[in-house]
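Here are a few notes to go with the structure, for someone looking at it with fresh eyes. Have it open beside you and click through the residues as you read.

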Amino acid sequence: MATSGNQSGTARIVHLLACAYLTVLAGCTTTTFVQLREIPHNPILERLKHSPLGGRGPSARSEAFLAATAYTGENNPVQLIHHCRLCSTGQHRREALHTASEISYLTAERSRTSDPALSMELMLDAAHYAWLGLTDLAPSEANTELNPADLETLQLYNVSVQELMRLVKRSGKYQTGQPVRLPISRRLIGVTIPHPSEWLTGDQLGDFEFVADYELKNLRNRHTTEGIGVPIIVQRKRQPDNVLLEEYYQDGLSFPVSVIIRFPSGSLPQQTASSESGRFELYDPRDTTEVTIEDVSLSLESDLSTPLAYFLTNPDLSLLDTFAFFRSDKAQHLEGLYMVQPFDPNRIPVLMVHGIWSSPVTWMEMFNDLQSDPVLREKYQFWFYMYPTGSPLSFAAADLRDCLKELRLKLDPGGQNAKLDQMVVVGHSMGGLMSYLLTIDSEDRLWNAMSRVPVEEIRADEETRQDIQRVFFFHPESSVDRIVTIASPFNGSGYANRFTQWLSGGLVSLPTRTSYLSKVIYRQNHHDFWDRVFAPRTSLDSLNRHSAILRLVNETTVPDQVRHHNVIGARKGRSLSDWTDGVVKATSAHRDDADSEIQVRASHSDIHRHPQTIAEVRRVLLEHLAQVNQIRYPIRTVGETQAQPTAGDPGAVLRL
């Protein structure tokens, strides 16, 4: 019993040592990106007056309208709204419609709990009155900064639509994309998608949440536009498995939608049933930026960041990084390309490859900022590669090549799509090495560095021979046009030493085929005991500067037709030769043959999320567009996109 306890204690110590030591290498940690607000955001409540009893009453603006139009009736919603309707044909039309909307909204709020059905009716009226006020805007006011009064009406419309949707959802009988019949008046609100896309279609509309209910966390920037509409988070409904590319979309994927209710021209709200009193319109803000009402164009209210953050906070994604490192054998089903946008044959792919003990989640800071650029959003589609990061680099790179070939066969079996041959690959840490390996020809150099036995003399079954060919003998991927490597240890990392090799070798469980192939090679080469102990079994072994795969990387250069851009981390150091990001030395990450190279003052785990790095990737993508399209885009250098940093500023850019 004592022996067993000692062994158990030793195992725990070894595991803790591994976690502490390897955490330094991590490019991603479990993170919460959104948090539910205690009180949903509501921009109009602050304008409403507080009564002595704690409730809210009409704003000062509405009271001024009532005074200007000599209202002498009681403080009764029915009488107040009747007065507003009478004034809606005169010189005070805009103020009358705004006040009618406000009174309807306030009355709906008061009846929300006691009579939800009545509250729905009044919220619809509030949105309708505000809509009519917006249609009176002159065409010259379109897409200019609205004056404060019109902005108040716009916000009142947005909140009324949102609260109506909230009431409908709480009724428990609503499915996204379905028309709504109000319970009292029996008025109908239809639904349409004016500009359907491959993403925004009725059959993909799952449950929805309100952006206003969530506060963004752990993403530096929130990319929004102000205008008309209610930003919501729609969870994509899973399609049948036989649908093309369905396997590349993650369960629970969410996407942004902005919703308006379009009302009939001119007429005031009527409390009688009709074929259609209004119509929900659903827009994808990544494709649509303006909405026209009558002759007026208004910007669409949107939020691109919160739906992304909502998806990233999915508990199912929280342990991908750790699981895929320690249990590579069990993580193979997670391996592959993931799309967070619909595939578009007219957009150039940007493939992002993460590093050790990480996952595609680590790219979301960069993706959040890049997708906010309308030029990049129009011209590129972003893909993410997930792989068991405990696997040796040569095996992981082989799997990536196979995955790209398989996807290309599905997307473009005839090889006719030029956009798929203009791919940009962005890799962090070991992912950068994998990106580099996509561009070079191994010939027989990798095999000769691993084995003294000619490949044709290896005794193995046919499946093992095929594995040897795909892992050790490979050619450049013709689809890759340009690569960006970030903090990649081309000359190895000091953290990949014999201690970590031994430690990770005892804790990381590799896929059976990977382990078997290594044993076949080392057994037939008659390696001694210590060679077998320190054989390249895991990803950390591959990052040792003496590894065969890194020797191959340093003996080759990318083909002339491929552009290579390099980003180096330099967080601390006493001299240029000592600069390091904490894991990879600047001298190890440096490439003499890179087409461009910058140094960013950032740590290894943060450099790919750093504003300077994101600005550099944006510059590279715009440069790539200029090359493939022969069009000049406003390409900004890193120095032009950020203020000049001061000494010691973590945002400082260092140049050799």
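**Notes on salt bridges, a buried leucine and some rings**

1. Let's begin with Glu163 and Arg112, whose side chains form a salt bridge with the closest N and O atoms 2.6 Å apart. Glu163 sits in helix H6, while Arg112 is in the loop between H4 and H5, so this pair ties together parts that are 51 residues apart in sequence. Keep in mind throughout that you're looking at a predicted model.

2. Are these two partners buried or exposed? Glu163 has 7% relative accessibility, so it counts as buried. Arg112 comes out at 14%, and that makes it buried as well, because the cut-off is under 20%.

3. Helix H6 turns up again in a second bridge, this one between Asp150 and Arg94, with 3.0 Å between the closest N and O atoms. Here too, distant parts of the chain are linked: Asp150 belongs to helix H6 (residues 148–170) and Arg94 to helix H4 (residues 93–110), 56 residues apart. The two ends have their own surroundings, though. Asp150 is buried, at 5% relative accessible area, whereas Arg94, at 28%, is partly exposed.

4. Next, try Asp284 and Arg286, which meet through their side chains in a salt bridge of 3.1 Å, N to O. Asp284 counts as buried at 5% relative accessibility, and Arg286 does so at 12%. Now go back to the pair from the opening point, as it has company: Glu109, Arg112, Glu163, Arg166 and Asp213 are joined into one network by salt bridges that share partners. If you'd like the overall tally, the structure holds 37 salt bridges.

5. Leu124 deserves a click too. You'll find Leu124 in helix H5 (residues 116–135), and with a relative accessibility of 1% it counts as buried. Which residues does Leu124 contact, leaving aside its neighbours within four places in sequence? They are Leu164, Leu182, Arg187, Ile189, Ile261 and Phe263. You can also look across to Gly278: its C-alpha atom is 8.8 Å from that of Leu124, although the two residues are 154 apart along the chain.

6. On to the aromatic rings, where the count comes to 12 aromatic pairs. A good one to look at is Phe395 with Phe472: the ring centres are 6.5 Å apart and the planes are at 80°, so the pair is edge-to-face. This pair also links distant parts of the chain, with Phe395 in helix H11 (residues 393–411) and Phe472 in helix H14 (residues 462–472), 77 residues apart. Phe395 and Phe472 are both buried.

7. Stay with those two rings for a moment and add their partners. Phe395 and Phe472 belong to one aromatic cluster together with Trp447 and Phe473.

8. Finally, have a look at two arginines that lie over ring faces. Arg401 is over the face of Phe474, 3.9 Å from the ring centre. Arg591 does likewise with Phe490, at 5.0 Å from the ring centre.

Terms used:
Residues are numbered from 1 along each chain as its sequence is written. This is a predicted model: local features need pLDDT of at least 70, side-chain atom pairs count only at pLDDT 80 or more; totals for chains, interfaces and linings use all residues. Side-chain values use heavy atoms; hydrogens and water are left out. Helices (H or I, at least four residues) and strands (E, at least two) are DSSP runs, numbered from the N terminus. Buried means under 20% relative accessible area, exposed over 50%, partly exposed in between (1.4 Å probe, protein chains only). Contact means heavy atoms within 4.5 Å. A salt bridge is a side-chain nitrogen of Lys or Arg within 4 Å of a carboxyl oxygen of Asp or Glu. Rings of Phe, Tyr and Trp (its six-membered ring) pair if their centres lie within 6.5 Å; planes under 30 degrees apart count as stacked, over 60 as edge-to-face and the rest as tilted. A charge sits over a ring if NZ of Lys or CZ of Arg is within 6 Å of the ring centre and within 35 degrees of the ring normal.
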